[in-house]
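Biologist: I am new to this structure and would like a close look at one part of it. Please take a single strand and describe its surroundings.

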Amino acid sequence: MMGKYSIGVDFGTLSGRAVMVDVQTGEELASSTFEYPHAVMDEALPDGTPLGPDWALEDPQDYLDVFSHTIPDVLAQTHVSPDDVIGIGVDFTACTVLPVKLDGTPLCFLEQFKSNPHAYVKLWKHHAAQDKANKLNEIAEARGEKWLSRYGGKISSEWAIPKLWQILDEAPDVYDAMDCFVEATDWVIWQLTGKKTRNSCTAGYKAIWHKRDGYPSDEFFKALDPRLEHVVDEKLSRTIKTLGSKAGEITEEAARLTGLRVGTAVAVGNVDAHVCVPAVKIDGPGKMLAIMGTSTCHMLLGTEEKQVPGMCGVVEDGILPGFYGYEAGQSCVGDHFAWFIENCLTAEYVADAKTKGINIHKYLRQKAEKLRPGESGLVALDWWNGNRSVLVDVDLTGVILGMTLLTKPEEIYRALIEATAYGTRTIIEAFRNSGVPVNEFYAAGGIAEKDPMTMQIYADIINMPIKISGSSQGPALGSAIFGAVAAGKDRGGYDSIFEAGSVMGKLKDTIYTPIPENAAIYDKLFAEYKKLHDYFGRGANDVMKRLKNIKKEVVASK
């Protein structure tokens, strides 16, 4: 029998990548990356139209170009016949959304809207709708909307409704001209299948949808703005497809674009973090996955819906079918370490690393590795970019405590790494205290793969063994797994995501195990972190916010 293959396409912030995977073994045979020609537009549109502060837009043409470049490339690299590619899955950063016409044409493709920023894709990190998010949260709280607690008490400016409301408020002509407001992951699936579908993951985590209760009421939307009263029926959709189901099949047009065969199965769209779960063989509750990069996303399955303080959402079927998917996160992890290296190192350290011929990150790690837990006398808070979980407060800032004239750069660097691990432990404890078990811990992403020191520190601080993803392309592998399930057993794939994940998912042999004496010291340090966390983060001392306000006043008066 000839081999059968599935393709996973992972759309990131600056590029998209495709991976060809053997369905029977999970082996990744080839990958291909395409950088978006328009990148992130945060200052101006291509024609020079300026953008305001906190804008982040993209051009959907770049996403089509990812398909037309990367899929033919992995086919060419592997010499796999398109006849043997049984399925394709796609994941995307979210909430990344765009206004389109009834046939799926993005408004920014139309001449009359080419110069209107609101006609383009609003990337996940578009924060210019923060005022709308604030107002939405205020109104939802005043009305006692019960769904608010499923999102840790706050809807983010990154999510669909604030972004859509911003269009209505600032560009009503764009709002009126759009027939649908769709997640980019659903839009690219639409381009492949000719069918509009909406997936349960983005609907649940980013558009306030609930499997049993649906969307918030028309009355709630009317309370935001009378023009939004029927927004769900006018611009969104009440038809939601579960992850693991089939969205449709490759059309003739999509076959020309990608080189795949007409009729190839296409999975329902997904989100980059959530799609990683089956890629590390997680198949049930109590197993947390941390995807560690510039920030960290924590995914967890549960068997019932619980309210957990400061979580980013709980969605039935939101990660894997049949479970409640929980999400939490830390907004500053790798960014944190990079900031320190770029801004706080002495010339001697940089010169010494150069002389030794090693990368400055590696040089600093070698020094930090020699330190024992507690040796530096430092403890830090990991809020350099605000706090996503469990305090849900973007106005919190960083702290390092315990410095003296003898404090060395490697001690601060290690304290910052420890701070992010304390942040993860805080999230784990919030879940456990709310009745959602966390019994196992998995890690994926650049830090998990490349930084043994950090992973050992995490294992010691959370006091749990840590298993590491076996793929450097976790999301793309996850998407390929969903593609194999969309194809089904009859075509050589799988009928369940759990079966597919058990065969195609992969873990490294490396497991980081807690060192008991380190864990004991970190318990003491974590108790100090917790005191600082609650003191500065829960309102006992709002000094961080007062400092921010003074800064704003001074900057404004310059």
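Modeller: What follows describes one strand and its partners, and then a pair of helices. The model is a predicted one.

The strand is β13, which covers residues 296–302. β13 is mostly covered, with seven of its seven residues buried. Thr296, His298, Leu300 and Gly302 point one way from the strand, while Cys297, Met299 and Leu301 point the other way. Residues on either side of β13 are thus listed as buried.

β13 has a partner in strand β12, residues 287–292. β12 and β13 run antiparallel and are joined by four bridges. The connection between β12 and β13 is a hairpin of three residues. Strand β15, residues 324–330, also pairs with β13; these two run antiparallel as well, with seven bridges between them.

His298 can be followed into both pairings. Its bridge partner on one side is Ala290, and in β15 it stands opposite Ala328. His298 itself is buried.

Now the helices. α17 (residues 474–487) and α18 (residues 497–504) have axes that come within 9 Å and cross at roughly 130°. That angle falls outside the ranges for roughly parallel, perpendicular and antiparallel, the last of which begins over 145 degrees, and α17 and α18 are therefore oblique to each other. Their crossing is right-handed. On the α17 side the contact is made by Leu477, Ala480, Ile481, Phe482, Ala484 and Val485, and on the α18 side by Ile497, Ala500, Gly501 and Met504. Nine of these contact residues are nonpolar, one is polar and none is charged.

Note on methods
Residues are numbered from 1 along each chain as its sequence is written. This is a predicted model: local features need pLDDT of at least 70, side-chain atom pairs count only at pLDDT 80 or more; totals for chains, interfaces and linings use all residues. Side-chain values use heavy atoms; hydrogens and water are left out. Axes are lines fitted to C-alpha atoms, for helices over the stretch in contact, and angles run from 0 to 180 degrees between N-to-C directions. Angles under 35 degrees count as roughly parallel, over 145 as roughly antiparallel, 65 to 115 as roughly perpendicular and the rest as oblique. A crossing is left-handed if the near helix is turned anticlockwise from the far one by less than a right angle, and right-handed if clockwise. Contact means heavy atoms within 4.5 Å. Ala, Val, Leu, Ile, Met, Phe, Trp, Tyr, Cys and Pro count as nonpolar, Asp, Glu, Lys and Arg as charged, and the others, Gly among them, as polar. Buried means under 20% relative accessible area, exposed over 50%, partly exposed in between (1.4 Å probe, protein chains only). Two strands pair if DSSP finds at least two bridges between them.
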